[in-house]
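The following exercises concern a protein model and the contacts within it. Please inspect the sequence and the coordinates before turning to the solutions.

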Amino acid sequence: MKIASWNVNSVKVRLPHLLAVLEEAKPDVLCLQETKCLPGDFPSLELKAAGYHCETIGQRSYNGVALISKTPPSELIQGLPGMAGDEQARYLEAGFGKVRVASIYLPNGNPLGTDKFTYKLAWMEQLALRARELLRLESPFVLAGDYNICPADEDVYDPVAFRDDALCQPESRSRFRALMYLGLTDAYRVFHREPHRYTFWDYQAGRWHRDEGLRIDHLLLSPHAADRVVACDIDKRPRAKERASDHTPIWCELAV
DNA sequence: ATGGTAGCCTTGCTA
């Protein structure tokens, strides 16, 4: 079972690239973030023609997440449990066979010292609570998405330049570690130990061409999922295209 | 060198 995650930065603009990724990578489940699209405007018909089912929550201009899958999901959860009154579309979770998958668009949190950063930390606390609930089921799950967290300095092209960025703050990183310490596994680091491997390159200042990026998109595996992971990698090809998203897909293969 | 680029329905905000 192949599970992938991709922040598309507008699903409407990225539809041709999205269809190409489905055709070439053939994921069983693809988690999307920053769809920037109301559910009624989501290109479900085009994806259905490509053989995929869609679940999505979204809003105009900002946020929005989706689960694109070969088979329809079960037990869909819309919105992060515990974040009552949160109007931002950032969490979608469902079951696909024996594996539960969440598409996560964690708040960016910039700039520091504002309610945006407080919101990010509060959101991470609730995500950890949700992970604890899921762990009690003792079955495989994958928390996939744009975490807006560089776990370590080796995940940043210029750690000094990002010292005051919400993606690299000690408070952000400690909450990410708290999530990991529940027993989750960073799928990418099971197979790749080398530093400076990225999933995001800013549109500005030629960051892509200089390979100056950030590793902020992660696939976190439950223990039962980690037992079955046989491969994980970042697919840089979509980022190299014309009119690309600033993120590129990350995927893993579970032997289930 | 406090800009630069991309997307949205906005003339600024978010990333």
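Is Ser10 buried or exposed? Ser10 is buried, with a relative accessible area of 14%; buried means under 20% relative accessible area, exposed over 50%, and partly exposed in between (1.4 Å probe, protein chains only).

The model is predicted: local features need pLDDT of at least 70, side-chain atom pairs count only at pLDDT 80 or more, and totals for chains, interfaces and linings use all residues. Residues are numbered from 1 along each chain as its sequence is written, chains are lettered from A and ligands numbered from 1 in the order in which they are written, and side-chain values use heavy atoms, with hydrogens and water left out.

**Exercise 1. Describe the backbone at Ser10 and Asp211.**

Step 1. Most residues other than glycine have a negative phi. Ser10, not a glycine, has a positive phi of about 90 degrees.

Step 2. Ser10 is found in the loop between strand 1 (2-7) and helix 1 (15-25); helices (H or I, at least four residues) and strands (E, at least two) are DSSP runs, numbered from the N terminus.

Step 3. Phi of Asp211 is also positive, near 50 degrees. Asp211 is partly exposed, with a relative accessible area of 33%, and lies in the loop between helix 5 (187-191) and strand 10 (217-221).

**Exercise 2. Characterise the surroundings of DNA strand B.**

Step 1. Around the strand are 14 residues, of which Ser10, Arg14, Arg60, Ser61 and Gln204 come nearest; a residue is near a strand if one of its heavy atoms lies within 4 Å of it.

Step 2. Of the atoms of DNA strand B that come within 4 Å of the protein, 69% belong to sugar and phosphate.

Step 3. An N or O atom in the side chain of Gln204 is 2.6 Å from a base nitrogen of DNA strand B. For Lys116, the corresponding partner is a phosphate oxygen, at 3.1 Å.

**Exercise 3. Analyse the ring pair of Tyr147 and Phe176.**

Step 1. The rings are 5.8 Å apart centre to centre, with 90 degrees between the planes, and the pair is edge-to-face. Rings of Phe, Tyr and Trp (its six-membered ring) pair if their centres lie within 6.5 Å; planes under 30 degrees apart count as stacked, over 60 as edge-to-face and the rest as tilted.

Step 2. Tyr147 lies in the loop between strand 8 (141-146) and helix 4 (170-181), and Phe176 in helix 4, 29 residues apart.

Step 3. Both Tyr147 and Phe176 are buried.

Note on methods. Polar contact = N/O pair within 3.5 Å; in protein donor to acceptor, adjacent residues only side chain to side chain.
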